Amino acid sequence: MADCYLCGERAVFRTEDGPLCAKHFSKWYEDGVAAAIKRYDMIHAGDRVCVGFSGGKDSTVLLTVLCRLNLDCELVAVTVDEGIGGYRDDTILAAKDTASRLGVEHRIVSFTDVCGKTLDELLENSPQAACSVCGTLRRRALNRAAREMEANSIATGHCLDDESQSVVMNYLRGDVTRATASFNSNSAELFIPRIKPLCRSSERATVAYGLCNNLLVPLPECPYTRYALRKDVRTWLGKLEYAKPGTLTRIADGQEELLSRMPKSEVVTELGRCEKCGEPTANRLCAACQQLERLM
Ligand code: SF4
């Protein structure tokens, strides 16, 4: 790669403006995260932000960048231990290490705390359902922990690639409600808002930032990944992005534009409380309790 166009040092990453060395690339990446936080009005003075912190590359970069940006907010981190044999133990060790290095209050919550079983136990007869069960229970665990830690937002490490994949997956599943965000409810009063500070940073840049700043340790892949629709969509969009750079940004921009033109449904669904666990829901049972009824 050519030299950094700002200082002439050896470049490590090529941006749209030109190649950058490790130091200027890190600054460029952090500025991009700060710009996204401002653009989507994510963090306010005095906020207590709970970072969903798996210990993997995206959330490690997220927590580090939020610390380095010196925002006028307090950061806490929560790691959810799903109970996945041969996978989670290593990432939890990495998460503990990073949180203590950054001096961030860190809590670990497990699926056994939430429902009495590990993900491996729940999926004994239906491993294909892994990501759907895992996602629903993880949301519940994270919400509870964030409430207990008195956070007023939950930050997750979803990057541009994740956001674009989710747009495509909604269409592949025919999930019009999610694709158009047409469900209108009083959920804002009942759920802790989610923010995604890396939503405009590509996975490639996020990994490069992690490598330049010695943040990443080799970690195993979740054994259930092979059942995930996201894996196929990631591969497919990755090829498209390589052949036609800017594809991921155009998908995210297009979705944002679509949602801004979409009228919100006039029917406002009043959320109630799940009969079993008391979490907010539009139904008798929340999504997590419905999943658990099917599996247990
Ligand atoms: Fe959970 Fe699926 Fe991710 Fe594994 S790949 S951690 S099962 S969401």
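# Close-ups of a predicted model

**View A. G157 sits in the loop that runs between strand 6 and helix 7.** Keep in mind, here and in every view below, that this is a predicted model. Is G157 buried or exposed? With a relative accessibility of 13%, G157 counts as buried, because the cut-off for buried is under 20%. Now look for K196: the C-alpha atoms of G157 and K196 are separated by 6.3 Å, although the two residues are 39 residues apart along the chain. Leaving out residues up to four places away in sequence, G157 touches D58, L62, D162 and L198.

**View B. T156 also has its place in the loop between strand 6 and helix 7.** T156 is buried, and its relative accessible area is 7%. Which side chain does the side chain of T156 make a polar contact with? The partner is the side chain of H158, and the distance is 2.7 Å. If you set aside the neighbours within four places in sequence, T156 is in contact with L62, R194, I195, K196 and P197. You may remember L62 from View A, where G157 touches L62.

**View C. Helix 7 covers residues 160-172.** That makes 13 residues in helix 7. From its first C-alpha to its last, helix 7 reaches 18 Å, close to the 18 Å expected at 1.5 Å a residue. Which residues of helix 7 are buried? They are L160, D161, D162, S164, Q165, V167, V168, M169 and N170. So what lies over them? The cover includes helix 2 (57-68), helix 8 (176-180), helix 10 (203-212), helix 11 (229-243) and helix 12 (247-261). Just past the end, helix 7 is followed by G174, which has a positive phi, near 70°.

**View D. Five aromatic pairs turn up in this model, and F13 and F25 form one of them.** A pair of aromatic rings is described by two things, the distance of the centres and the angle of the planes. For F13 and F25, the ring centres are 4.6 Å apart and the planes are at 25°, so this pair is stacked. F13 lies in strand 1 (residues 13-15) and F25 lies in helix 1 (residues 22-39), so the pair ties together parts that are twelve residues apart in sequence. Both partners are tucked away: F13 counts as buried at 6% relative accessibility, and F25 is buried with a relative accessible area of 0%.

**View E. F13 has another ring partner, W28.** The centres of the F13 and W28 rings are 6.0 Å apart and their planes are at 35°, so this pair is tilted. F13 in strand 1 and W28 in helix 1 are 15 residues apart, and their pair links distant parts of the chain. How open is W28? With a relative accessible area of 36%, W28 is partly exposed. Step back a little and you can trace a cluster, in which ring pairs link F13, F25, W28, Y29 and Y209.

**View F. D41 and N70 have positive phi angles although neither is a glycine.** For D41, phi is about 50°. Look for D41 in the loop between helix 1 and strand 3 (47-52). D41 counts as exposed, at 51% relative accessibility. N70 has a positive phi of about 50°, and its place is in the loop between helix 2 and strand 4 (73-81). Is N70 buried or exposed? At 68% relative accessibility, N70 counts as exposed, because the cut-off for exposed is over 50%.

**View G. L258 is a residue of helix 12.** L258 is partly exposed, and its relative accessible area is 34%. Find A179 as well: L258 and A179 are 79 residues apart along the chain, and their C-alpha atoms are separated by 9.6 Å. Helix 12 has come up before, among the elements that cover the buried residues of helix 7.

**View H. Here is the ligand with the residues that surround it.** Which residues should you look for? They are C131, C134, R138, C222, Y224 and T225. Sorted by class, this shell holds four nonpolar residues, one polar residue and one charged residue.

Notes:
Residues are numbered from 1 along each chain as its sequence is written. This is a predicted model: local features need pLDDT of at least 70, side-chain atom pairs count only at pLDDT 80 or more; totals for chains, interfaces and linings use all residues. Side-chain values use heavy atoms; hydrogens and water are left out. A residue is near a molecule or strand if one of its heavy atoms lies within 4 Å of it. Ala, Val, Leu, Ile, Met, Phe, Trp, Tyr, Cys and Pro count as nonpolar, Asp, Glu, Lys and Arg as charged, and the others, Gly among them, as polar. Helices (H or I, at least four residues) and strands (E, at least two) are DSSP runs, numbered from the N terminus. The expected span of a helix is 1.5 Å times one less than its number of residues. Buried means under 20% relative accessible area, exposed over 50%, partly exposed in between (1.4 Å probe, protein chains only). Contact means heavy atoms within 4.5 Å. A polar contact is a pair of N or O atoms within 3.5 Å; within protein, one must be able to donate a hydrogen and the other to accept it, and residues adjacent in sequence count only if both atoms are side-chain atoms. Rings of Phe, Tyr and Trp (its six-membered ring) pair if their centres lie within 6.5 Å; planes under 30 degrees apart count as stacked, over 60 as edge-to-face and the rest as tilted.
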